[in-house]
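Hi,

Here is the structure I promised to pass on. Have a look at it first, and my notes come straight after.

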Amino acid sequence: MTDTTTTDTEYVAAGRDLWWEIQDFFFMEADLLDTRQFDAWLALLHPQIEYRMPLARNVRRDQRDHEYTRPGESAWFDEGIETLSQRVAQINTGIHWAEEPASRISHLITNVRVFVPRGACAEPERVQAHSRFLVYQNRLQTETNLLVGRREDLLLRVDGQWRIRRRLILLNQNVLTAKALTTFF
């Protein structure tokens, strides 16, 4: 699949300090999710966030551009801040059937690569970041799920703080074996 987050602006690799800052941002985000601090996680999202996890399809090598569904087609997630906030509110009620009792979840984020617009200043207002994830979920005694894939993010600096403006989540599986998809990526 081609890089779907790249715009007409050409991006180049970020320096080490910015790379470390963004990687630390992702680690902090994972900690918030793993400790069920969902309202604090929502605060990391831009008000106009595009949060999408398309379906994966098995395609021939010469048709890799069609491996994932496109915007407007079916997706596991295709949400904005309103629906993400509703999902968090539902989980926070304590009566969400698929999250009561709550899952134990670990987000492992790795292979972080950060890109800035060519010619950006030392503290750019936007970055693109690509990363890999492994999400382990355990519920009750025997329900376990392992979700693996990659993310393509667009982060914007708002009032000096990074906010996730767009997240594309690409699972490395086309059949979801989990009973319910309640975790955030």
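Below is what I found, starting with confidence and then moving to one helix and one histidine.

This is a predicted model, where local features need pLDDT of at least 70 and side-chain atom pairs count only at pLDDT 80 or more, while totals for chains, interfaces and linings use all residues. Residues are numbered from 1 along each chain as its sequence is written, and side-chain values use heavy atoms, with hydrogens and water left out.

The protein averages a pLDDT (the predictor's confidence in each residue, from 0 to 100) of 91, and 95% of the residues score at least 70. Over residues 1–8 the pLDDT is below 50. Where pLDDT is low, the predicted coordinates should not be read in detail.

Helix H1 covers residues 16–34 (helices are DSSP runs of H or I, at least four residues, and strands are runs of E, at least two, numbered from the N terminus). Its end C-alpha atoms are 27 Å apart, which agrees with the span expected for 19 residues at 1.5 Å a residue (1.5 Å times one less than the number of residues). Buried residues in H1 include Leu18, Phe25 and Leu33 (buried means under 20% relative accessible area, with a 1.4 Å probe and protein chains only).

Histidine 107 lies in strand S4 and is buried, with a relative accessible area of 7%. Its side chain makes a 2.6 Å polar contact with the side chain of aspartate 34 (N or O atoms within 3.5 Å; within protein, one able to donate a hydrogen and the other to accept it, and residues adjacent in sequence counting only if both atoms are side-chain atoms). The histidine 107 side chain also reaches the backbone oxygen of phenylalanine 184 at 2.6 Å.

Best wishes

How values were computed
Contact means heavy atoms within 4.5 Å. Buried means under 20% relative accessible area, exposed over 50%, partly exposed in between (1.4 Å probe, protein chains only).
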